Amino acid sequence: MDLTPEEETILNGEEGESRQLLMEILVGIGTVFGAEKMVPIRSAQVSGASYKTIGEWGLEWLSGLHARATVPAVLNPVGMDRVRWKEMGIDPAFAEKQHEVLNAYERLGIRLECTCTPYYIHITEYGDHLAWSESSAVAYANSVIGARTNREGGPSALAAAIIGRTPCYGLHLVKNRQPELCFAVEGVPGDADESWFGALGYLAGKIAGNRIPLFTGIRPTRDQLKNLGAAMAATGATALYHVRDITPEARVFKFDTAGLETVPVTAGDVGNVYSREEPDAIAIGCPHCSEDELNRIADYLKDCRVKKPLYIFAAREIISRSARAVRVIERSGAGVYADTCMVVSPALEQYQSIMVSSGKALAYVPNMCGARSFIGTLKECLETACRG
Ligand code: F3S
């Protein structure tokens with residue numbers, strides 16, 4: 001790799017052992033993937049924040065680093081709400097270790113905003129280079145914003161946060177962002193909501209695998225795109241997709257789609273992803289809710305009292321920006337939690353059957369929570385919670 005004099009200085013250890021070690025990680029990854037240089041990043045999102053996943057070894061590694069982030073950086077969701085963990089029924093011993101992990105990240109200059117929707121927190125623009133970890137956030141950044149990030153692991157995203165650069169390969173290069181297959185969608189229902197696009201992504205991800213899809217025949221909103229990409233990243237390995245006439249690169253580039261494999265998808269195919277069952281609990285906010293989603297949930301729940309456990313997840317900053325909506329939701333008996341989610345928190349492991357409005361949660365809940373999952377529309381989820 002061609003390194004700048006400043007990058008060479010870090011690699012030679014002249015700025016301390018920790019920065020040298022983290023630079024070695026970045027150079028090692030860049031060398032393996034054939035990067036020719038480093039590229040400065042605008043922000044980082046770091047996974048490996050739950051004590052459940054990184055354990056004692058990870059905590060020790062973090063505690064041994066002596067450096068500070070040089071770009072805005074946040075964390076992926078952790079195993080509990082940092083403030084309301086007791087209400088979530090989290091074991092105090094786990095909470096203590098989780099706080100130690102969070103303190104270690106804070107000492108490294110990572111903001112303790114634990115969310116898979118960093119795009120609601122940091123200004124992120126078309127063409128920005130990023131080092132983000134969480135698969136749905138990566139899909140959103142690349143596809144909906146037109147920023148550029150590979151799907152980073154925890155250590156490489158942390159290294160990028162501290163060094164302020166990432167190796168320039170993969171999706172940082174325009175030539176690697178072309179569509180590789182086409183989904184021709186027909187008959188989108190007029191009332192298709194976020195869950196419908198999650199169900200579409202659930203199907204499409206299984207077919208796309210790690211290929212970059214181009215969708216035709218759909219006109220999703222931003223929250224619907226969020227759900228589409230999250231589900232494809234869960235059942236496949238999608239880090240970038242395009243929607244004709246909607247997503248930024250599909251408007252900027254003239255893609256050569258001749259010869260692309262085209263897969264027809266009907267409303268009936270998507271409808272088959274939905275099923276009916278009586279759940280023990282309902283969970284909404286995968287990926288974390290936007291302000292608009294919290295407002296819509298509040299509108300529905302304003303005259304209701306929930307009779308089944310209803311969990312709603314969003315970034316802490318979004319919750320504080322939506323104080324009125326959150327008050328209305330919690331008056332109904334539902335819980336709005338920050339920093340965590342239905343998949344990474346042990347709080348939902350007590351249930352046998354969980355209803356979700358997300359294609360990603362549909363895919364992950366069975367393995368991660370040991371419960372059956374099924375998908376309904378947002379309205380059906382809220383109706384079910386209120387009906388009891
Ligand atoms: Fe976010 Fe958790 Fe879903 S991290 S995308 S809410 S599985």
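This passage describes the domains, two open sheets, the pockets and the cavity of a predicted model. Residues are numbered from 1 along each chain as its sequence is written, and side-chain values use heavy atoms, with hydrogens and water left out. In this predicted model, local features need pLDDT of at least 70 and side-chain atom pairs count only at pLDDT 80 or more, while totals for chains, interfaces and linings use all residues.

The domain assignment gives domain 1 (5–174), domain 2 (178–271) and domain 3 (281–387); such bounds come from an automatic or database domain assignment. The C-alpha centres of domain 1 and domain 2 lie 28 Å apart. Their contact (heavy atoms within 4.5 Å) takes 18 residues from domain 1 and 18 residues from domain 2.

Helices (H or I, at least four residues) and strands (E, at least two) are DSSP runs, numbered from the N terminus. Two strands pair if DSSP finds at least two bridges between them. One open sheet of 4 strands has the order β4-β3-β2-β5, with parallel pairing. β4 (111–114) and β5 (130–132) are its edge strands; each has a single partner, so one side of each is left without a neighbour in the sheet. The twist averages 25° from one strand to the next. Angles run from 0 to 180 degrees between N-to-C directions, with axes fitted as lines to C-alpha atoms, for helices over the stretch in contact. Strands β2 (43–46) and β3 (73–75) run parallel and are joined by 3 bridges. Q45 has V74 of β3 as its bridge partner. Helix α4 (92–107) packs on this sheet and touches β2, β3 and β4; its direction makes about 130° with that of β4. Helix α6 (154–163) also packs on the sheet, touching β2, β3 and β5, and its direction makes about 150° with that of β2.

A further open sheet of 4 strands has the order β9-β8-β7-β10, again with parallel pairing. At its edges stand β9 (242–243) and β10 (261–266), each with a single partner strand, so one side of each lacks a neighbour in the sheet. β8 (213–216) and β9 run parallel, joined by 2 bridges. F215 is bridged to V243 in β9. Helix α7 packs on the sheet against β7 (181–186), β8 and β10, and its direction makes about 145° with that of β7.

Cavities and pockets were sought on a 1 Å grid over the protein atoms alone. A cavity is a set of points where a 1.4 Å probe fits but cannot get out; a pocket is an open set with protein on both sides within 12 Å along at least five of seven lines; lining residues have an atom within 4 Å of a point. Points are joined across faces, edges and corners, and a volume is the space filled by probe spheres set on them.

The largest pocket holds about 520 Å³ of space. Of its 23 lining residues, N76, E134, V344, K360 and Y364 are the closest to its centre. Domain 1 and domain 3 both contribute to the lining, so this pocket lies between them. The second largest pocket has a volume of about 300 Å³. Its lining draws on domain 2 and domain 3, so it lies between those two. α15 (378–387) gives the most to that lining, with 4 residues.

The count comes to 1 cavity of 30 Å³ or more. About 120 Å³ of space lies in the largest cavity. Its lining has 15 residues, with E194, N227, I284, E293 and S357 nearest the centre. β11 supplies the largest share, 5 residues. Domain 2 and domain 3 both line this cavity, so it lies between them.
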